[in-house]
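Trainee: Could we go through this model together, step by step, with the reasoning spelled out?

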Amino acid sequence: MPERVLFTPAALDEDWGQQILKRVQSLNLPIEELSQNRLKGLRGESERDTYNIAKRTLAVVTAPPSSFKLSPIPPSADWQFHLAEGCPAHCQYCYLAGSLSGPPVIRAFANLPQILENLANYEQDGKTTSFEVSCYTDPLGIEHLTGSLAECIRYFGTRTNAHLRWVSKFDAVDGLLDLPHNGHTRCRMSVNAAPISGKFEGGTASVASRLNALRRLALPQERGGGGYPVGLVIAPIMPIDDWQMHYSCLFDQINEALDFDCNLTFELISHRFTPGSKEVLQTWYPQSKLEMDEAKRSVKRNKFGGTKYVYEKDIMKALRSFFESEISRRFPNAEVLYWT
């Protein structure tokens, strides 16, 4: 729950903004109606203070015109779009660090109907087009405040050649189970080994709770579930001490949660960081024990000249071999979408 909720005038002019306002009012949260469409008062005396203020604030705004020009997001999906920017969780390896400018306030978009209407321009004739909606937020973590994820699922349920993908570290899925998704939405949970999740994923649901939520989403509707295609994003994978044992325990948990036939995929993402994200994360979490030692990493450059630090080749090879063999053995009908 945010400590305060800000509404810009433009957001209140939108029907969906009014719908969010009613939700927030029903939760008795402090509401501030701003006099202009700029957010102010989010900075503290230090970067850490700014982080704390921003993370406790939900701002309901309108998505800027630039957000209607979608970007491809391989290997996750064909395109990404956004119902919000910013995340309520406190993951010490946060991939948003350095990706979004300014204080990490959670911005929910009030012009969601226009955002969804724009997606048809990116659908390909005769081919299924996939859209990722959780690149810049955890949509389930703010769903009780916005209702926007359910609206996205309803929309994609009406499309013939468009599928939705979202991922979360939260577990409040009750409101999603009865939606008319028509198999066009894949619900995924991000999970990790216990020492990593317990140490670095603050403010999230436990892995056990996430897996139970995924079970409920995947169960057939006649058994009280949502009947969704589902997936597991194991990320960020780290070669911690006794990593094989800890990740084997994670697979045991997954086996127990998904002990029935379901449409299941895996996405495997090793830990990486950039110089920019390291700098931001060290201001957000100055006491963190997260390993970000460039001397222990290999440098990976993208086509735009950007730099990432990834694990050395032999470590990556060992990790990938373990995960792919475990999944093949335990979940022979599941598909590994990618390793990165």
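Trainee: Is Gln 92 buried or exposed?

Mentor: This is a predicted model, in which local features need pLDDT of at least 70, side-chain atom pairs count only at pLDDT 80 or more, and totals for chains, interfaces and linings use all residues. Residues are numbered from 1 along each chain as its sequence is written, and side-chain values use heavy atoms, with hydrogens and water left out. Buried means under 20% relative accessible area, exposed over 50% and partly exposed in between, with a 1.4 Å probe and protein chains only. Because its relative accessibility is 17%, Gln 92 counts as buried.

Trainee: Which residue offers its backbone oxygen to the side chain of Gln 92?

Mentor: Contact means heavy atoms within 4.5 Å, and, leaving aside residues up to four places away in sequence, Gln 92 touches several residues, including Phe 200, Leu 281 and Tyr 285. A polar atom of the Gln 92 side chain lies 3.3 Å from the backbone oxygen of Lys 199.

Trainee: Which strands are the edge strands of the open sheet of eight strands?

Mentor: The order of this open sheet is 4-5-9-10-11-13-14-17, with mixed pairing. Strands are DSSP runs of E with at least two residues, and helices are runs of H or I with at least four, numbered from the N terminus; two strands pair if DSSP finds at least two bridges between them. Pairing on one side only marks the edge strands, which are strand 4 (71-73) and strand 17 (335-339).

Trainee: Which residue in strand 17 stands opposite Thr 265?

Mentor: Strand 14 (residues 264-270) and strand 17 run parallel and are joined by four bridges. Opposite Thr 265, in strand 17, stands Glu 335.

How values were computed: A polar contact is a pair of N or O atoms within 3.5 Å; within protein, one must be able to donate a hydrogen and the other to accept it, and residues adjacent in sequence count only if both atoms are side-chain atoms.
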